[in-house]
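Hi,

Here is the structure I promised to pass on. Have a look at it first, and my notes come right after.

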Amino acid sequence: MIELTDSDKALILEYCDIKKSIKLNNGNYYIKRLPKSCALKELIGERIANEIFKLKCPKYHLAVIDGNYFILSSDLNLEGEFLTLAEMGFEKKNSLYGVWDILEQKYGKSFKEMADFIKIYIFDVLFHNLDRNASNVGILSLSDGSRKVVIFDNELILSNDKAAVYGLNPRENLDLQVDIAKSLNIYEDFERFLLESSEEFISLFKFYFELVTPEYFEKLVNETVTTYNFNVEPIPGIVKGLSETITELYSVHYYRLQLTLMIFRKER
């Protein structure tokens with residue numbers, strides 16, 4: 001965990017619910033207070049995005065103060081000009097296809113980073129992310145003229161909240177705040193993706209699916225727990241530990257996706 005002074009801790013407690021960069025003793029950070037399970041999933045999501053998907057995700061640090069869990073996120077504006085899709089004028093009700101069209105109009109058909117938005121879609125399907133919207137995806141423009149697509153706020157991966165609705169998908173809205181019964185769920189949308197996408201993007205999904213097996217994911221979770229010295233002891237009254245619960249959720253979700261893939265292959 002990051003080393004903090006007493007004044008740092010006071011600032012974190014004061015500004016944790018304000019969306020602005022705060023200067024601490026060793027750098028500038030955005031600060032977010034999260035439930036314990038979400039804090040661990042945010043750290044896992046960062047590793048997956050940066051190390052496996054090669055997507056840009058801010059560097060996260062964990063701070064535990066008086067039993068509260070905080071994620072400190074590096075300030076991307078210190079690296080270049082960072083804008084979320086929302087700040088670029090996108091509404092939350094843009095589909096993935098709509099984002100593609102608008103970005104091509106803005107940057108031209110040579111906007112090679114568009115492939116990263118497909119990877120974001122795959123990331124969200126593979127890890128059952130229930131909160132992808134125009135405010136947690138953006139573009140970082142660097143001084144050398146290059147651009148990087150950025151994702152953050154991944155704490156709702158492997159969420160079992162049935163009221164939350166899946167976000168960035170081919171035709172539906174980026175942020176659908178309606179009852180799940182009135183919208184596509186993540187598995188129905190994945191079926192649509194398989195039916196409508198090119199073989200290139202289906203093969204890309206299969207690549208990550210075959211790479212991040214439940215065994216691989218369990219190893220990654222355990223490594224993250226060790227790296228951050230994360231306390232994953234069972235909460236009183238709950239038998240299973242936090243890391244075990246997360247890995248089991250992934251296994252169940254993984255085999256549901258595997259079944260969908262098998263049916264799709266038979267029908268092709």
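Below is what turned up, starting with one strand and moving on to the aromatic rings.

First, please keep in mind that this is a predicted model.

A good place to begin is strand β4, residues 68-74. Six of its seven residues are buried, so the rest of the structure largely encloses β4. On one pairing, β4 runs antiparallel to strand β2 (residues 27-34), with six bridges joining the two. If you want a spot to click on there, Tyr-29 has Ser-74 in β4 as its bridge partner.

β4 also pairs with strand β3 (residues 60-65), again antiparallel and through six bridges. Here His-61 stands opposite Leu-72 of β4. β3 and β4 make a hairpin with two residues between them, and Asp-66 in that turn has a positive phi of about 55°.

Now for the rings. Searching the whole structure gives 17 aromatic pairs. One of them is Phe-53 with Phe-127, an edge-to-face pair at 6.3 Å centre to centre and 70° between the planes. What I like about this pair is that it links distant parts of the chain, the two residues being 74 apart. Phe-53 sits in the loop between α2 (36-52) and β3, while Phe-127 sits in the loop between α4 (114-126) and β6 (137-141). Are these two rings buried or exposed? Phe-53 has 0% relative accessibility, so it counts as buried, and Phe-127 is buried as well, with a relative accessible area of 0%.

One last ring to look at is Tyr-187: Arg-256 lies over its face, 3.8 Å from the ring centre.

Cheers

Technical notes. Residues numbered from 1 in each chain as written. Predicted model: local features only at pLDDT ≥ 70, side-chain atom pairs only at ≥ 80, totals over all residues. Heavy atoms only, no water. Buried < 20%, exposed > 50% of the residue type's maximum accessible area, 1.4 Å probe, protein only. Helix = DSSP H or I, 4+ residues; strand = E, 2+ residues; numbered from the N terminus. Pairing = 2+ DSSP bridges. Phe/Tyr/Trp six-rings, centres within 6.5 Å; stacked < 30°, edge-to-face > 60°. Lys NZ or Arg CZ within 6 Å of the ring centre and 35° of its normal.
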